[in-house]
Amino acid sequence: MKLQILGCYAATPRTITNPTSQVLDIKNHLFLIDCGEGTQVQLRKHKIKFSRINHIFISHLHGDHFYGLIGLISTFMLLNRENDLHVYGPKGVKEIILLQLRASGSFTGYNLYFHELESKVSEVIFEDETVIVKTIPLNHRIYTNGFLFQEKVGKRHLNIEAVATYKIEKCYFDKIKSGGNVTLDSGEVIDNELLSLPPDATKSYAFCSDTMYDESIVPIIKEVDVLYHEATFLDSEAHYTEKTKHTTAKEAAKIAKLANVKQLILGHYSTRYGSIEPFKTEAQTIFDNVLLADDGREFEF
């Protein structure tokens, strides 16, 4: 599971920082999460293949989280994209994008599907054989969701030595990986646990931006491997959180601790600060395992 941060700063883009956008590489999926202004430039800069992006998740309709979407959709058209593109986001995102396409006399040339969200409780919005994606309802000034990405349990691994010992034929290998027992020609049944090893441990990633401190999300993100949580302010500016409905670094750490997550990544910093290091310092007074997102930073778990 790899996470590439394309942008992680709040409000407006600057020459040295970019608004929110990131790419999650999980089980051969390349999911784009939020699409702030300049996202496609960052995708090119970090050599991420546009053709691998088939699913885009938009948390909410504040500009620093989706103003790059129409540009990316248009670029896909210019690149002669053929794959379907799925956009998951709040109700209204379809109208906004289609209005821009119509006004500019543009079309996509590929199938563009919108999955508009309205539910205020967590729901499954994507699922296939390997991954499931759920919403995380957040508490912001407008309707907002975070997203929980979870790997499904994969197939078991062949125990090569055991398979050789029992002289198991290759035609049974898929059955063994799927958890099945094998019956020998003699009639003896060999239990699957003797022929296979446990599947790889599953991994999970929770994206939470933007939101004020809200413990109601804790049951949804309980014990995730990695939590990205907004930390717009330091504790010295905590008085801004109620008005803006954002979070401090300490509050993000409290959520991580309550949810017993393995790793916390902070992001969505206000550009009022000259350095992001104090965010980590403050968060670690509450929760030990803290990393700082920054534009271009890549994490592998």
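This is a short tour of two sites in a predicted model.

**Stop one: His 140**

Select His 140. You are in the loop between β8 (131–137) and β9 (145–151). Is His 140 buried or exposed? Its relative accessibility is 7%, so His 140 counts as buried, the cut-off for that class being under 20%.

Now show the side chain of His 140 and add His 62. The two side chains make a polar contact at 3.3 Å. Next, turn on the backbone of Lys 245. The side chain of His 140 reaches the backbone oxygen of Lys 245 at 3.0 Å.

Widen the selection to the residues that His 140 touches. Leaving out residues up to four places away in sequence, these are His 60, His 62, Asp 210, Thr 211, Thr 244, Lys 245 and His 246.

**Stop two: strand β2**

Move to residues 21–26, which form strand β2. How many of its 6 residues are buried? The count is 5, and the strand is mostly covered.

Add strand β1, residues 2–7. β1 and β2 run antiparallel, joined by 5 bridges. Pick Gly 7 and look across to β2: Ser 21 stands opposite.

Keep Ser 21 selected and bring in strand β3, residues 29–35. Here 6 bridges join β2 to β3, and this pair also runs antiparallel. In β3, Cys 35 is the residue opposite Ser 21. Ser 21 thus has Gly 7 across from it and Cys 35 across from it in β3.

Finish at the turn. The hairpin of β2 and β3 has 2 residues between the strands. Select Lys 27 there and check its backbone: phi is positive, near 50°.

Methods. Residues are numbered from 1 along each chain as its sequence is written. This is a predicted model: local features need pLDDT of at least 70, side-chain atom pairs count only at pLDDT 80 or more; totals for chains, interfaces and linings use all residues. Side-chain values use heavy atoms; hydrogens and water are left out. Helices (H or I, at least four residues) and strands (E, at least two) are DSSP runs, numbered from the N terminus. Buried means under 20% relative accessible area, exposed over 50%, partly exposed in between (1.4 Å probe, protein chains only). A polar contact is a pair of N or O atoms within 3.5 Å; within protein, one must be able to donate a hydrogen and the other to accept it, and residues adjacent in sequence count only if both atoms are side-chain atoms. Contact means heavy atoms within 4.5 Å. Two strands pair if DSSP finds at least two bridges between them.
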